[in-house]
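Work through the exercises below with the model open in a viewer. Each task is followed by a worked solution.

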Amino acid sequence: MEVCLERVLGRTSVRGLATHPTEGYVATLAGAVVVVTEPGSGHQVAYLKTPDNTALASVAWSSDGERIAAAEKPRMRKRRRAGSRKNMPDMPRIVIWDWASGEVEAIIDPRAAEVTAICWSPTHPILATLTSV
């Protein structure tokens, strides 16, 4: 039996908002899903899910309108450091989708403790990140 997402009722991040450069679609975050909405009707037209079901922190739309990138929130794994009983955080990744097909095109490991914000260059296929170490 296949289960599919039909509608998202809430949002999870104030940094989780991006607009399509020409079509007016709006991308927002809801946990581990990027929700693409048509603003005039409010109809949700696409759902982009993270491969590992990891919650997202920031979203950006490419200047050509073909891709959406989203940065994961840091996750805690039950791994232990030598001499410590605390869990260690996994480094967040950036996921890039072809938004129309929903296919993951790339997963980038920025090697940072947290990705605070992401932004595509308006003139080049470059994705900038604001990170903490």
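The exercises go from overall confidence and fold to sheets, cores and ring pairs.

**Exercise 1. Judge where this model can be read in detail.**

Solution.
- Step 1. Note the origin: this is a predicted model.
- Step 2. Take the chain average. The mean pLDDT of the protein chain is 83, and 77% of its residues reach 70 or more.
- Step 3. Find the extremes. Strand E7 (residues 75-80) has the lowest confidence, with a mean of 59, while E9 has the highest, at 96.
- Step 4. Apply the general caution. Predicted coordinates should not be read in detail where pLDDT is low.

**Exercise 2. Describe the secondary structure and the burial of the chain.**

Solution.
- Step 1. Count elements. The protein chain holds 0 helices and 12 strands.
- Step 2. Check burial. Of the 133 residues in the protein chain, 37% are buried.
- Step 3. Look at contact range. Take contacts between residues at least 6 apart in sequence: 40% of them join residues at least 24 apart.

**Exercise 3. Derive the strand order of the two four-stranded sheets and name their edges.**

Solution.
- Step 1. Start with the sheet ordered E1-E2-E3-E4. This sheet is open, has 4 strands and pairs in the antiparallel sense.
- Step 2. Identify its edges. E1 and E4 each pair on one side only.
- Step 3. Read its twist. The average is 20° from one strand to the next.
- Step 4. Look inside this sheet. E3 and E4 are joined over 5 bridges, antiparallel. Val 33 stands opposite Lys 49 in E4.
- Step 5. Turn to the sheet ordered E5-E6-E9-E10. This sheet is also open, with 4 strands and antiparallel pairing.
- Step 6. Identify the edges here. They are E5 and E10, each pairing on one side only.
- Step 7. Read the angle between neighbours. Neighbouring strands are turned by 20° against each other on average, direction ignored.

**Exercise 4. Characterise strand E5 and its partner E6.**

Solution.
- Step 1. Establish the pairing. E5 and E6 are antiparallel over 5 bridges.
- Step 2. Pick a register point. Ala 60 has Ala 69 in E6 as its bridge partner.
- Step 3. Inspect the connection. The two strands form a hairpin with 5 residues between them, and Gly 65 in the turn has a positive phi of about 75°.
- Step 4. Test burial. 6 of the 6 residues of E5 are buried, so E5 is largely enclosed by the rest of the structure.

**Exercise 5. Map the nonpolar cores. Which element gives the most to the largest core?**

Solution.
- Step 1. Locate the centre of the largest core. It has 16 residues, and Val 34, Val 59, Trp 61, Ile 68, Trp 97 and Trp 99 touch the most other members.
- Step 2. List the elements that give two or more residues. They are strand E2 (26-30), strand E3 (33-37), strand E4 (44-49), strand E5 (56-61), strand E6 (67-72) and strand E9 (94-98).
- Step 3. Rank them. E5 gives the most, with 3 residues.
- Step 4. Look for a separate core. Another one, of 8 residues, lies apart, with Ala 69, Ile 94, Val 115 and Trp 120 among them.

**Exercise 6. Classify the aromatic pairs and say what they connect.**

Solution.
- Step 1. Choose the descriptors. The distance of the centres and the angle of the planes describe a pair of aromatic rings.
- Step 2. Count. There are 2 aromatic pairs.
- Step 3. Classify Tyr 25 and Trp 99. Their centres are 5.1 Å apart with 55° between the planes, and the pair is tilted.
- Step 4. Place both rings. Tyr 25 sits in the loop between strand E1 (17-19) and E2, and Trp 99 in the loop between E9 and strand E10 (103-108), so the pair ties together parts 74 residues apart in sequence.
- Step 5. Classify Trp 61 and Trp 99. The centres are 5.5 Å apart and the planes stand at 75°, so this pair is edge-to-face.
- Step 6. Place this pair too. Trp 61 is in strand E5, 38 residues from Trp 99.
- Step 7. Check burial. Trp 61 and Trp 99 are both buried. For Trp 99 the relative accessible area is 14%.
- Step 8. Combine. Ring pairs link Tyr 25, Trp 61 and Trp 99 into a cluster.

Definitions and conventions. Residues are numbered from 1 along each chain as its sequence is written. This is a predicted model: local features need pLDDT of at least 70, side-chain atom pairs count only at pLDDT 80 or more; totals for chains, interfaces and linings use all residues. Side-chain values use heavy atoms; hydrogens and water are left out. A nonpolar core is a set of buried Ala, Val, Leu, Ile, Met, Phe, Trp, Tyr and Cys residues joined through side-chain atoms within 4.5 Å. Buried means under 20% relative accessible area, exposed over 50%, partly exposed in between (1.4 Å probe, protein chains only). Rings of Phe, Tyr and Trp (its six-membered ring) pair if their centres lie within 6.5 Å; planes under 30 degrees apart count as stacked, over 60 as edge-to-face and the rest as tilted. Two strands pair if DSSP finds at least two bridges between them. Axes are lines fitted to C-alpha atoms, for helices over the stretch in contact, and angles run from 0 to 180 degrees between N-to-C directions. pLDDT is the predictor's confidence in each residue, from 0 to 100. Contact means heavy atoms within 4.5 Å.
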